[in-house]
Amino acid sequence: MFLKILFSFIMIAFIHSSAVASEFQLGNLTISDPWSRATSSHQMSGVVYLRILNSGNQTDRLIKAVSIHSEKVTLHDMILDGDIMKMQSIKNGVEIPANSEVELKPGAKHIMLMGLKRRLDRGQTVSVTLHFQHAGMTEIKALVFDAGSRGPKGKNLKGNMPGNNSKNGHKSH
Ligand SMILES: [Cu+2]
């Protein structure tokens, strides 16, 4: 009886910790809080944001990403064209300087899932394999938040004001 209770407790603890696992280690790189946004059924693209900490003494570079959930994955940045924010492909990857952290976030650099194979629903996870120039590759799982969410820092899966989403011109995500 005791063992059974203990076992259940361990299982619950395990399930809980895996549900909130939000850090992925790859050599000197720590990838934190990967997250995505829910999509509607007609949306052909999705987005993934995360933070990458490089605790090594050598610059690394996120050179590409792949995902089973989309036909293609591209690295994008947001640039100001007049007073309109536009997405642009990043040609040489995302540089992760030594001893620093880079954040991919709304209105800035992001990972774009092109040609989504299915809708992304809140609470699901999206697998993305990241390829780095030096550290190699690793698969991370991004938790899907509401369409207008600001991510894990927003504390819950709900987005905030609908207006926030249009500010960065990223309505299609
Ligand atoms: Cu994009």
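In the predicted model, W35 is buried, because its relative accessibility of 5% falls under the 20% cut-off. The residue takes part in both aromatic contacts described below. A search of the whole structure returns 2 aromatic pairs. In one of them, W35 and Y49 lie 4.7 Å apart centre to centre, with 40 degrees between the planes, and the pair is tilted. This contact joins distant parts of the chain, with W35 in strand β2 (residues 29-37) and Y49 in strand β3 (residues 45-54), 14 residues apart. Y49, like W35, is buried.

W35 also pairs with F145: the ring centres are 5.7 Å apart and the planes stand at 75 degrees, so the arrangement is edge-to-face. Here strand β2, which holds W35, is linked to strand β11 (residues 136-145), which holds F145, across 110 residues. F145 has a relative accessible area of 6% and is therefore buried. W35, Y49 and F145 together make up one aromatic cluster.

The copper ion is bound by H76 through ND1, M87 through SD, H110 through NE2 and M112 through SD, at 2.0 to 2.3 Å. Angles among the 4 donor atoms run from 98 to 117 degrees, and the site is tetrahedral. For four tetrahedral donors the ideal angle is 109.5 degrees. Along the sequence, the donor residues follow the spacing H-x10-M-x22-H-x1-M. Of these, M87 in strand β6 (residues 84-89) and H110 in strand β9 (residues 110-116) are 23 residues apart and link distant parts of the chain. M87 is partly exposed, because its relative accessibility is 35%, whereas H110 is buried, with a relative accessible area of 0%.

Conventions
Residues are numbered from 1 along each chain as its sequence is written. This is a predicted model: local features need pLDDT of at least 70, side-chain atom pairs count only at pLDDT 80 or more; totals for chains, interfaces and linings use all residues. Side-chain values use heavy atoms; hydrogens and water are left out. Donors are N, O and S atoms within 2.8 Å of the metal (3.2 Å for Na, K and Ca); water is not among the atoms, so sites may look incomplete. Four donors count as tetrahedral if all angles lie between 85 and 135 degrees; four count as square planar and six as octahedral if opposite donors are over 155 degrees apart and all others between 65 and 115; anything else is irregular. Helices (H or I, at least four residues) and strands (E, at least two) are DSSP runs, numbered from the N terminus. Buried means under 20% relative accessible area, exposed over 50%, partly exposed in between (1.4 Å probe, protein chains only). Rings of Phe, Tyr and Trp (its six-membered ring) pair if their centres lie within 6.5 Å; planes under 30 degrees apart count as stacked, over 60 as edge-to-face and the rest as tilted.
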